[in-house]
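Welcome, and please take a moment to look over the model below. The paragraphs after it will walk you through it step by step.

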Amino acid sequence: MDDHELDGLRARLEELRTEHRDLDAVIARITENMPFDMIQMQRLKKRKLALKDQISRLENRMIPDIIA
């Protein structure tokens, strides 16, 4: 993997982490106000989980393969 590709992965990783943090804040705000829309909450949590999976995949791509 060259430096240009690595820089692109780092930038995308930061975007995903930012969106993940933003969703945390949105979920916290929504749960403060009762009653809240459970369907909307489920969608937000599902999106947050998908972001976490994408973050994990990108982090794994950035770790070099180690031959044992």
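Let us start with a term for how covered a residue is: buried means under 20% relative accessible area, exposed means over 50%, and partly exposed lies in between, using a 1.4 Å probe and protein chains only. By that scale Arg61 is partly exposed, with a relative accessible area of 44%. What you see is a predicted model, in which local features need pLDDT of at least 70 and side-chain atom pairs count only at pLDDT 80 or more, while totals for chains, interfaces and linings use all residues. Residues are numbered from 1 along each chain as its sequence is written, and side-chain values use heavy atoms, with hydrogens and water left out.

Now for the overall picture. The protein has two helices and zero strands; here helices (H or I, at least four residues) and strands (E, at least two) are DSSP runs, numbered from the N terminus. The C-alpha trace spans about 50 × 25 × 15 Å along its principal axes. Its radius of gyration is 16 Å, whereas a compact globule of 68 residues would have one near 11 Å. That radius is taken over C-alpha atoms, and the globule rule is 2.2 Å times the number of residues to the power 0.38. Of the 68 residues, 19% count as buried. The protein exposes about 5,600 Å², with carbon and sulfur atoms supplying 54% of this area; accessible areas come from the Shrake-Rupley method with a 1.4 Å probe, and for residues only the protein chains shown count as cover.

How do distant parts of the chain meet? A contact means heavy atoms within 4.5 Å. Among contacts with a separation of 6 or more, 69% are between residues 24 or more positions apart.

A good place to look is Ile55, which sits in helix α2. Ile55 is buried, with a relative accessible area of 11%. Leaving out residues up to four places away in sequence, Ile55 touches Leu13, Leu16, Arg17 and His20. The C-alpha atoms of Ile55 and Leu13 are separated by 6.1 Å, although the two residues are 42 apart along the chain. From the other side, His20 is found in helix α1 and is also buried, at a relative accessible area of 19%. With the same neighbours in sequence left out, His20 touches Lys48, Leu51, Lys52 and Ile55.

Next come the charges. Side chains of opposite charge can pair when their charged atoms come close. The structure holds seven salt bridges, each being a side-chain nitrogen of Lys or Arg within 4 Å of a carboxyl oxygen of Asp or Glu.

One of them joins Glu5 to Arg61, with the closest N and O atoms 3.3 Å apart. Glu5 lies in helix α1 (residues 3-32) and Arg61 in helix α2 (residues 38-62), so this pair ties together parts that are 56 residues apart in sequence. Glu5 is partly exposed, at 35% relative accessible area.

Another salt bridge forms between Arg17 and Glu59, whose closest N and O atoms are 2.4 Å apart. This pair also links distant parts of the chain, with Arg17 in helix α1 and Glu59 in helix α2, 42 residues apart. Arg17 is partly exposed, with a relative accessible area of 30%, and Glu59 counts as partly exposed at 30% too.

Which residue pairs with Asp7? Asp7 forms a salt bridge with Arg10. Both lie in helix α1, three residues apart, about one turn of the helix.
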